[in-house]
Amino acid sequence: MDTGIQATNEGLVYAHEKGIAVVVMEPVKGGMLANPPKEALDVMASAPVKRSPVDWALQFLWNKPEVSAVLSGMSSRVQLEENCSSAEHSGVGSLSTEELESIDQLADVFRRRIVVGCTACSYCMPCKQGVDIPDCFAILNNVALAEQGDFTQKMSTWLMKRGYKRKSQNEKQREKRPEAGGAATLCTSCGACVKKCPQELDIPAELEKVHAVLGRGEKVEKYLPPITPDVPSLHSNRAQSAGSSHENTDV
Ligand code: SF4
Ligand code: SF4
């Protein structure tokens, strides 16, 4: 879904043409793609092949001849086994046109519901003011993804909002409970984190959105990204993928 940012899909193809191997980090966008909203689950349910959300994300990358390795950041044995199973069913150019169309639809759903494009890499941390930057963004994004879901997802939204309220909202609370992590209100817009962010996020501005929704209680819909009809295709190299002999195997 991030084919239009950083190096972009065009950059990926260019590197491949120059014989440069490309390693993809955060294929599941910091875990975000593993917990899809109902709308995305509906797309997966109607897809020609049944896959888990993580499997869709990994197969999308492994399908591309330009991707040499994917670093999926597994944190448990279960995830390791699931990813190995996915890898066994992967291959360059192995996805059908129908499957690629399902991926396009999934990307559209996520693009419309992810407020901040943070991948939880934590390169911006620590913040001298104690702001727990990745967690603030994760809560906001998860609230946006779950907001239109079923009763269970709405309950989880409520719990996430409550979790945010437990973060330190001011200096006094921060000194008393440093382990709670700091809320967006602690940000002084010093800008120290901005140059460390590989996603080139304007972190103080994005934290404003966190405060607006989770602090002031504004509707998250107000902060959803605008629909951009000119987002580069996820599969601009679709034709090249078919028939390539390149093998990519890493997880
Ligand atoms: S801009 Fe805000 S979040 Fe970033 S380092 Fe400064 S105080 Fe922390
Ligand atoms: S560096 Fe950027 S992408 Fe990484 S956790 Fe911080 S805000 Fe998120």
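Start with the largest nonpolar core of this predicted model. It takes in 46 residues, so select L106, F110, C136, L140 and V210, the ones with the most contacts inside this core. In soluble globular proteins, nonpolar side chains tend to be buried together.

Next, color the elements that give two or more residues to this core: α2 (38–45), α3 (53–62), β2 (67–71), α5 (97–113), α6 (133–146) and α9 (203–215). Which of them gives the most? That's α6, with nine residues. Try coloring by domain too: domain 1 (8–113) and domain 2 (133–223) each supply at least three residues to this core.

Now zoom in on F110. Leaving aside residues up to four places away in sequence, F110 touches M1, L33 and A40.

Then hop over to ligand 2 and show the 15 residues around it. Which ones come nearest? Pick out C118, C121, C124, P134 and C197. Here α6 turns up again, giving the most to the shell around ligand 2, with three residues. Color that shell by residue type and you'll get 11 nonpolar, three polar and one charged.

Finally, zoom out to the whole protein chain and switch to a cartoon view. You can count 10 helices and two strands, and walking along the sequence you meet them in the pattern α-β-α-α-β-α-α-α-α-α-α-α. Of the chain's 251 residues, 32% count as buried. For a last look, turn on contacts between residues at least 6 apart in sequence: 74% of them join residues at least 24 apart.

Note on methods:
Residues numbered from 1 in each chain as written. Chains lettered and ligands numbered in written order. Predicted model: local features only at pLDDT ≥ 70, side-chain atom pairs only at ≥ 80, totals over all residues. Core = buried A, V, L, I, M, F, W, Y, C linked by C-beta atoms within 7 Å. Buried ≥ 20, exposed ≤ 12 C-beta atoms within 10 Å, placed from the backbone. Helix = DSSP H or I, 4+ residues; strand = E, 2+ residues; numbered from the N terminus. Domains from an automatic or database assignment. Contact = placed C-beta atoms within 7 Å. Near = placed C-beta within 6 Å. Nonpolar A, V, L, I, M, F, W, Y, C, P; charged D, E, K, R; others polar.
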